[in-house]
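Biologist: Could you take me through how helix packing, domain contacts and a ligand shell are read from a model?

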Amino acid sequence: MTDPLMNLYNRAPIAVERGEGVWLIDTGGRRYLDCVAGIATDALGHGHPALVAALTEQAGKLWHVSNIFRIPGQEALAQRLVDASFADCVFFANTGTEAVECAIKTARRYHHVNGQPERIDIVGFAGSFHGRTYAAINASGNAGYMEGCGPRLPGFVQLSIDDAAAIEDAIARPTTAAVIVEPVQGEGGARALTGEWLLRLRELTREHGVLLIHDEVQSGMGRTGKLFAHQWFDGAEPDIMALAKALGSGFPVGACLATTEAAMGMTPGVHGTTFGGNPLAMAVGIAAFDTIARPETLAHARAASADFFERLEALRSRFPDVIADVRGKGLLIGLKMIQNNRDFMGIARDYGILVAGGGENCVRLLPSLLITAEEIAEAVTRLEAACTAARGAMVQAA
Ligand code: PMP
């Protein structure tokens with residue numbers, strides 16, 4: 001029998017049927033502690049009553065209308081995002097990569113309408129991930145995602161985060177439009193950039209009239225314990241920001257936020273979408289925002305993070321031959337593994353805990369922001385069992 005699905009994912013051998021909070025239940029009734037959460041998407045766990053109520057109520061009223069009409073839910077969610085951030089306006093898309101696409105167009109259009117159409121270069125960084133559209137794969141510059149997909153697009157520059165001189169040089173160039181960066185690299189392996197680094201980038205971009213884009217698709221909406229990751233550092237705010245994932249907490253929605261100034265080239269006809277910002281997405285997005293942005297939720301996420309990090313550091317000290325490093329920010333946690341991270345993901349699954357992969361041989365833990373202390377303890381118990389099994393497997397292989 002041939003597989004009717006395009007062969008694009010290395011799928012784990014479990015068929016997921018339902019979710020309850022941090023738990024996923026497969027078709028055989030087995031329960032897994034879910035530290036993948038749709039890769040940082042199900043920020044309020046599975047089946048959160050406020051989200052279920054918002055979706056079902058909206059489903060009975062109106063699913064979809066074109067963006068040629070006013071959609072009150074869009075205005076309400078945009079207002080919340082603007083009130084809570086540096087931004088003045090919002091474009092709603094469906095995914096993270098579309099939010100990034102809009103961010104890049106916004107930056108280039110800004111210079112175009114400002115009489116500097118030669119400013120097209122988008123500077124990105126090694127280890128980043130911005131999604132799978134052509135602009136996004138070119139912005140992150142990861143060869144693995146571009147191979148065989150035709151020539152590299154002009155107007156994209158890749159640098160190492162550690163190469164301060166090259167960064168200064170690139171930002172000073174008269175063809176540079178914008179710099180795009182994830183304040184915490186997610187797919188790259190939960191790599192948190194320092195405040196000092198982010199503030200320096202802000203200073204340089206401002207000095208040279210270059211726009212700063214933060215890709216907070218993964219790190220935004222409470223994931224690091226602040227509503228947006230850059231809010232850990234006063235003065236680090238960008239001109240443009242891409243969001244998705246937790247914005248709909250499981251319902252597909254992305255957003256590109258910008259200041260009025262940065263968005264000056266985004267005029268009728270320049271950009272658009274059929275589905276982006278539809279009433280279903282907005283109803284869930286508002287409910288998710290109103291839960292995530294509560295100070296108690298963010299404080300809970302910070303406390304859960306501190307607890308998780310402490311327990312994971314203790315685990316690492318018991319298993320230095322399995323875990324090399326514990327890193328990340330908030331509940332975007334990376335365990336840098338000694339053996340192959342993919343092998344460890346399989347072992348962890350056997351012990352009833354789901355973890356995601358990541359760059360630099362990391363596994364990522366990205367649980368619901370509402371994870372309880374008992375659930376964190378249970379997660380670490382299961383990881384400990386997986387570490388014991390992984391150690392045994394390594395001894396056998398040696
Ligand atoms: N940017 C970042 C930082 C991401 O982590 C991702 C998804 N992992 C994307 C963009 C792309 O999002 P999507 O898969 O929704 O297009």
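Modeller: Let us start with one pair of helices. Helix 10 and helix 12 are roughly parallel to each other, a class that covers angles under 35 degrees, while angles over 145 count as roughly antiparallel, 65 to 115 as roughly perpendicular and the rest as oblique. Before going further, note that this is a predicted model, in which local features need pLDDT of at least 70 and side-chain atom pairs count only at pLDDT 80 or more, whereas totals for chains, interfaces and linings use all residues. Residues are numbered from 1 along each chain as its sequence is written.

Biologist: What angle and what distance between axes go with helix 10 and helix 12?

Modeller: Axes are lines fitted to C-alpha atoms, for helices over the stretch in contact, and angles run from 0 to 180 degrees between N-to-C directions. Helix 10 (residues 295–318) and helix 12 (residues 373–397) pack at about 20°, with their axes 10 Å apart; helices here are DSSP runs (H or I, at least four residues) and strands likewise (E, at least two), numbered from the N terminus. The crossing of helix 10 past helix 12 is right-handed, meaning that the near helix is turned clockwise from the far one by less than a right angle, where anticlockwise would be left-handed.

Biologist: Which residues make that contact?

Modeller: Two residues are in contact if their C-beta atoms, placed from the backbone, lie within 7 Å. Helix 10 contributes Ala304, Asp307, Phe308, Arg311, Leu312 and Leu315, and helix 12 contributes Ala373, Ile376, Val380, Leu383, Glu384 and Cys387. By class, the contact of helix 10 with helix 12 has 9 nonpolar, no polar and 3 charged residues, where Ala, Val, Leu, Ile, Met, Phe, Trp, Tyr, Cys and Pro count as nonpolar, Asp, Glu, Lys and Arg as charged, and the others, Gly among them, as polar.

Biologist: How do helix 11 and helix 12 cross?

Modeller: The axes of helix 11 (residues 341–350) and helix 12 come within 9 Å and cross at roughly 125°, which makes helix 11 oblique to helix 12. On the helix 11 side Phe344, Ile347 and Ala348 meet Leu383, Ala386, Ala389 and Ala390 of helix 12, and this contact of helix 11 with helix 12 has 7 nonpolar, no polar and no charged residues.

Biologist: Are helix 2 and helix 9 roughly parallel or roughly antiparallel?

Modeller: Helix 2 (residues 49–59) and helix 9 (residues 279–292) cross at roughly 155°, their axes coming within 9 Å, and they are therefore roughly antiparallel to each other. Their contact includes Leu51 and Leu55 of helix 2 and Leu280 and Val284 of helix 9, and its residues divide into 12 nonpolar, 2 polar and 1 charged.

Biologist: How is the protein chain divided into domains?

Modeller: Domain bounds come from an automatic or database domain assignment, and here they give domain 1 (16–34 + 296–397) and domain 2 (50–292). The contact takes 19 residues from domain 1 and 20 residues from domain 2. On the side of domain 1 that touches domain 2, the largest share, 5 residues, comes from helix 10, and that side has 7 nonpolar, 7 polar and 5 charged residues.

Biologist: How many residues surround the ligand, and which are the closest?

Modeller: A residue is near a molecule if its C-beta atom, placed from the backbone, lies within 6 Å of it. The ligand is surrounded by 15 residues, the closest being Thr95, Gly96, Thr97, Gly131 and Val217. Helix 4 (residues 96–113) supplies the largest share of this shell, 3 residues, and the shell as a whole divides into 5 nonpolar, 7 polar and 3 charged residues.
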